[in-house]
Amino acid sequence: MSSIDDALDAARDHAADFLNAEGRDWRHVALGAALTVGFALAATVAATRAVPPQTRSLTGARKREGPITERPRGPFSLILPAVFSATTLSALRVWNAPARPGRNAAMGLWAVAQAVNAVWLAARPTGRWTQILAAMSSAGLAAAFAHEARKLDPGAAKLAAPTGIGVRLANQAERSLDSPV
């Protein structure tokens, strides 16, 4: 076998491990990817198109007019897709987990969390209490999903929690640096 074949086999093994797809048919994995990515993209598109983003001018900020928050621009605009992609990858791992009673509950929580986040993004709450409600509902649903995902697959729960994925990626990078080449 050539080194290219070895590299392809290693990449397939890593992808199957990362997606929790060991022993799953490729069509099942592809359907899960299409559903989770499609739902996350639909929620993002619905949120960004429901209400056009309003800019806040400097004079408006001084007079406390306009939205308190708005869709981030520049480097900060990468945060929202990163959050959606981390939870989407987590949902894909849950989708690929062996059939258990809690899998549907976890996927339902994930779908509700995506929908609620899209509603809050579209609504762009301006009051303190509505912003607190938005943050608490998003965090609560994310925690509930991570809890249910942990029961099925600990790796999915780590992906769902932002600090969990950060720690996991840092640990993988450290292990790869420590292992001989």
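# Exercises on a chain of helices

Asp-25 has a relative accessibility of 35% and therefore counts as partly exposed, since buried means under 20% relative accessible area, exposed means over 50%, and partly exposed lies in between, with a 1.4 Å probe and protein chains only. The model is a predicted one, in which local features need pLDDT of at least 70 and side-chain atom pairs count only at pLDDT 80 or more, while totals for chains, interfaces and linings use all residues. Residues are numbered from 1 along each chain as its sequence is written, and side-chain values use heavy atoms, with hydrogens and water left out.

**Exercise 1. Describe the chain as a whole, beginning with how many helices and strands it has.**

Step one is to count the elements, which are DSSP runs numbered from the N terminus, with at least four residues (H or I) for a helix and at least two (E) for a strand. The count gives 8 helices and 0 strands, and the order along the sequence reads α-α-α-α-α-α-α-α.

Step two is to look at burial and contacts: of the 181 residues in the chain, 29% are buried. A contact means heavy atoms within 4.5 Å, and among the contacts with a separation of 6 or more, 68% are between residues 24 or more positions apart.

Step three is to read the confidence, given as pLDDT, which the predictor assigns to each residue from 0 to 100. The chain averages 75, and 66% of the residues score at least 70. Confidence is highest in helix 6, at 86, and lowest in helix 8 (residues 162-178), where the mean is 63.

**Exercise 2. Compare the span of helix 1 and of helix 5 with the span expected at 1.5 Å a residue.**

The rule to apply is that the expected span equals 1.5 Å times one less than the number of residues. For helix 1 (residues 3-18), the 16 residues should span 22 Å, and because the end C-alpha atoms are 22 Å apart, the two values agree. For helix 5, the 23 residues reach 34 Å from the first C-alpha to the last, which is close to the expected 33 Å.

The solution may be completed by looking just past each helix: helix 1 is followed by Asn-20, with a positive phi near 60°, and helix 5 is followed by Arg-124, with a positive phi near 45°.

**Exercise 3. Work out which residues have the most contacts inside the largest nonpolar core.**

A nonpolar core is a set of buried Ala, Val, Leu, Ile, Met, Phe, Trp, Tyr and Cys residues joined through side-chain atoms within 4.5 Å. The largest one has 18 residues, and Val-94, Met-107, Trp-110 and Phe-145 have the most contacts inside it. At least two of its residues come from each of helix 2 (26-50), helix 4 (79-96), helix 5 (101-123), helix 6 (128-152) and helix 7 (154-160). In soluble globular proteins, nonpolar side chains tend to be buried together.

Next, take Val-94: leaving out residues up to four places away in sequence, its partners include Met-107, Phe-145, Leu-152 and Ala-156. Then turn to helix 5, where the buried residues include Arg-103, Met-107, Trp-110 and Asn-117. Val-116, also found in helix 5, is by contrast partly exposed, because its relative accessible area is 22%. Apart from neighbours within four places in sequence, Val-116 is in contact with Ser-137 and Leu-141.

**Exercise 4. Find how many salt bridges there are, and then examine three of them in turn.**

A salt bridge is a side-chain nitrogen of Lys or Arg within 4 Å of a carboxyl oxygen of Asp or Glu, and by this rule the count is 4. Side chains of opposite charge can pair when their charged atoms come close.

- Asp-9 pairs with Arg-12, the closest N and O atoms being 2.9 Å apart; because they are 3 residues apart in helix 1, about one helical turn separates them. Asp-9 is partly exposed at 30% relative accessibility, whereas Arg-12 is exposed at 54%.
- Asp-25, met at the start, pairs with Arg-27 at 3.0 Å, N to O, and Arg-27 is exposed at 52%.
- Asp-153 pairs with Arg-93 at 2.6 Å, N to O. Asp-153 lies in the loop between helix 6 and helix 7 and Arg-93 lies in helix 4, so this pair ties together parts that are 60 residues apart in sequence. Both Asp-153 and Arg-93 are buried.
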